[in-house]
Amino acid sequence: MRLIQAASVSLLLAFFTALSPVSGAQPAASSFSGAEWDRTVTAAKKEGKVNVYIFGGRTRWPIEAGVFQKRFPDIEIVTISGDPVLRIMAERRAGKYLADVVIGGSSTPFDLYTAKALDSIKDAMILPEVADESKWWQGKHRYIDPQRKYGFMYMGHLNPGGIHYNTRLVNPKEFQSFWDFLNPKWKGKIESRDVRAAGTGGTVMKFFFYHPKLGPSYIRRLFGEMDVTFFRDRRQGVDWLVTGKFPICLFCDVPDVALARSQGLPVATFGFMKEGAGFSSGSGNIGFPSRAPHPNAAKVFINWFLSREGQLTVQREYAKAGAGVMNSLRIDIPKDMIPADQQIHEGIEYIDLETAERISLEPIIKLLNETSAAGGR
């Protein structure tokens, strides 16, 4: 689960190093006001910094004065990247409590919630514009924990299927539904990344599993009847697709497919099927570690980050980076920088894949193992 978060590390860096407020993003001064807010900011200035733990492969990031620091110059942002769960739990075993804020994929706050290492982020929402659920998609806050107050989802990522094809061998017009992939003509001609190993595809498999019009029976038929060939080497999967050894690829690496396409190779990606799309958070979750050393600075950062100014800044910095999408779940900010295939539209069925009950891939892996065993593979 955590491996999928790493792709957004450089994009978060772009956000943290933004040098000036985004044009048009500055909310009215009254958005950052109120007696409790003023007391919190005063206390945060005395604390002087906020330690933000972010999932990613780098150990250090160069941090410059960004939008947050222009608004709060007395509060320094210190980012610590890596695996926040492993790091925070190791620190706590050593009696150290160093994290103020944690950002990552859904498993990051969920694992910390399970370990009872988070305070309520809901209770830390001081600004009315952040606490107001009407400002967020479908008029509600989304949390990954069953108590709905510890791991907050601020980002929405659509997963329309993650299925790619060889343009010389497949006519995409033949595919309007995911059930069309069960056409006998494609038996033995489909490859799939093995989602039993960490990496791409798990989110889409959850979409299949939990969709009321697909479900476990669809997975059993797809992997039990269609002679699907598994791969784990992402380069091998794209190579097979490009050469036409397998005309259809489930969960091939998206950047590799995009690179191949940019080089003029015969590959493309299927769009939305009539069953809709899965809805997940990518790396867009934030939590408030318990016993934070700078609790007031943490609250200031959390509220700013989830404010209209903060979310528009993050969303636009992702777009400017040109690699990946950060579609904020705030609905009161413009979405002109979000690609069409990641726009949330009325009339499309979206299956929420990151509720507390749906985070684990275990039931899907169990089903795949049973299906493979029944098929003698």
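In this predicted model, strand β9 (residues 190-193) pairs with β10 in the parallel sense, over 3 bridges. Within this pairing, Ser192 stands opposite Phe230 in β10. Phe230 also meets a charge: the charged end of Arg196 sits over its ring, 4.9 Å from the centre.

Both strands belong to an open sheet of 5 strands. The order is β10-β9-β11-β8-β12, and the pairing is mixed. Strands β10 (229-231) and β12 (267-269) stand at the edges. Each has a single partner strand, so one side of each is left without a neighbour in the sheet. On average, neighbouring strands are turned by 25 degrees against each other, direction ignored. Helix α10 (residues 254-262) lies across β8 (163-166) and β12. The helix runs at about 130 degrees to β12.

In soluble globular proteins, nonpolar side chains tend to be buried together. Here the largest nonpolar core has 49 residues. Tyr154, Ile286, Phe301 and Leu306 have the most contacts inside it. Several elements give two or more residues to this core, including α2 (35-47), β1 (49-55), β14 (285-289) and α11 (295-306). Helix α11 gives the most, with 8 residues. Ile286 shows how the parts meet. Leaving aside residues up to four places away in sequence, Ile286 touches, among others, Val101, Ile121, Phe152, Tyr154, Phe301 and Leu306. A second, separate core has 35 residues, and Phe207, Phe223, Phe270 and Ile351 are among them.

Aromatic rings add further links. The count comes to 29 aromatic pairs. In one of these, the ring centres of Phe68 and Trp304 lie 5.6 Å apart. Their planes are at 70 degrees, so the pair is edge-to-face; the cut-off for this class is over 60 degrees. Phe68 lies in helix α3 and Trp304 in helix α11, 236 residues apart. Phe68 counts as buried at 2% relative accessibility, and Trp304 counts as buried at 0%.

Tyr154 and Phe305 form another edge-to-face pair, with centres 4.9 Å apart and planes at 85 degrees. Tyr154 lies in the loop between β6 and β7 (157-159), while Phe305 is in helix α11, so the pair ties together parts that are 151 residues apart in sequence. Tyr154 is buried, with a relative accessible area of 0%. Phe305 is buried too, also with 0%.

Elsewhere, one aromatic cluster includes Tyr165, Trp179, Trp186, Phe207 and Phe270. Another ring faces a charge: the charged end of Arg291 sits over the ring of Tyr97, 3.8 Å from its centre.

Technical notes
Residues numbered from 1 in each chain as written. Predicted model: local features only at pLDDT ≥ 70, side-chain atom pairs only at ≥ 80, totals over all residues. Heavy atoms only, no water. Pairing = 2+ DSSP bridges. Helix = DSSP H or I, 4+ residues; strand = E, 2+ residues; numbered from the N terminus. Axes fitted to C-alpha atoms, helices over the stretch in contact; angles between N-to-C directions. Contact = heavy atoms within 4.5 Å. Core = buried A, V, L, I, M, F, W, Y, C linked by side-chain atoms within 4.5 Å. Buried < 20%, exposed > 50% of the residue type's maximum accessible area, 1.4 Å probe, protein only. Phe/Tyr/Trp six-rings, centres within 6.5 Å; stacked < 30°, edge-to-face > 60°. Lys NZ or Arg CZ within 6 Å of the ring centre and 35° of its normal.
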